[in-house]
Amino acid sequence: RGYFVTTPVVPAVRGTVLSVNVQANTHLKKGDVLLTIDPLPFQNKVDSLTAQLTTAKKDSSRASQLKQRN
């Protein structure tokens with residue numbers, strides 16, 4: 001029987017892993033990049049929220065103009 005200690009690496013976010021930037025049995029330092037995750041879904045969410053914010057600001061502006069006109 002062989003026993004060995006491993007440390008599981010689990011990212012804090014979900015996503016598709018594009019690359020693994022570490023080699024087996026090598027020492028790592030704090031701040032080393034372990035995984036590269038596909039940024040596209042996150043960027044799409046940011047773009048969507050930015051568009052919603054822009055629309056809400058325009059709607060608010062229109063509403064204040066209509067309020068001034070009665």
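What is the volume of the largest pocket? It comes to about 290 Å³. A pocket here is an open set of points on a 1 Å grid over the protein atoms alone, where a 1.4 Å probe fits and protein lies on both sides within 12 Å along at least five of seven lines. Grid points are joined across faces, edges and corners, and the volume is the space filled by probe spheres set on the points.

Before going on, a word on the model. It is predicted, so local features need pLDDT of at least 70 and side-chain atom pairs count only at pLDDT 80 or more, while totals for chains, interfaces and linings use all residues. Residues are numbered from 1 along each chain as its sequence is written, and side-chain values use heavy atoms, with hydrogens and water left out.

**Overall build**

The chain has one helix and two strands, and they run β-β-α from the N terminus on. These are DSSP runs numbered from the N terminus: helices are H or I with at least four residues, strands are E with at least two. The radius of gyration, taken over C-alpha atoms, is 24 Å, whereas a compact globule of 70 residues would have one near 11 Å; that globule rule is 2.2 Å times the number of residues to the power 0.38. The C-alpha trace spans about 85 × 20 × 20 Å along its principal axes. Buried residues make up 0% of the chain, with buried meaning under 20% relative accessible area, exposed over 50% and partly exposed in between (1.4 Å probe, protein chains only). Of the contacts (heavy atoms within 4.5 Å) between residues at least 6 apart in sequence, 20% join residues at least 24 apart.

**Pocket lining and the annotated span**

Lining residues have an atom within 4 Å of a pocket point; among them are Val5, Thr6, Gln23, Asn25 and Leu34. By class, the lining has six nonpolar, five polar and no charged residues. Nonpolar covers Ala, Val, Leu, Ile, Met, Phe, Trp, Tyr, Cys and Pro, charged covers Asp, Glu, Lys and Arg, and the others, Gly among them, are polar.

The unreviewed UniProt entry puts "domain: Multidrug resistance protein MdtA-like barrel-sandwich hybrid" at residues 9–47. That span is 21% helix and 18% strand, and its end C-alpha atoms lie 30 Å apart.

**Residues to click on**

Asn25 sits in the loop between strand S1 (17–20) and strand S2 (35–37), and Asn25 also helps line the largest pocket. Its phi is positive, about 60°, although Asn25 is not a glycine. Asn70, in the segment after H1, likewise has a positive phi, of about 70°. For background, most residues other than glycine have a negative phi.

Two residues of helix H1 are worth a look too. Val46 is found in this helix, which covers residues 40–69, and the C-alpha atoms of Val46 and Lys57, eleven residues apart along the chain, are separated by 17 Å. Leu66 is in H1 as well; between the C-alpha atoms of Leu66 and Leu49, 17 residues apart along the chain, the separation is 26 Å.

Here is how accessible these residues are:

| Residue | Relative accessible area | Class |
|---|---|---|
| Asn25 | 83% | exposed |
| Val46 | 44% | partly exposed |
| Leu66 | 55% | exposed |
| Asn70 | 86% | exposed |

How values were computed
UniProt positions renumbered as here; feature names shortened; annotations may be inferred.
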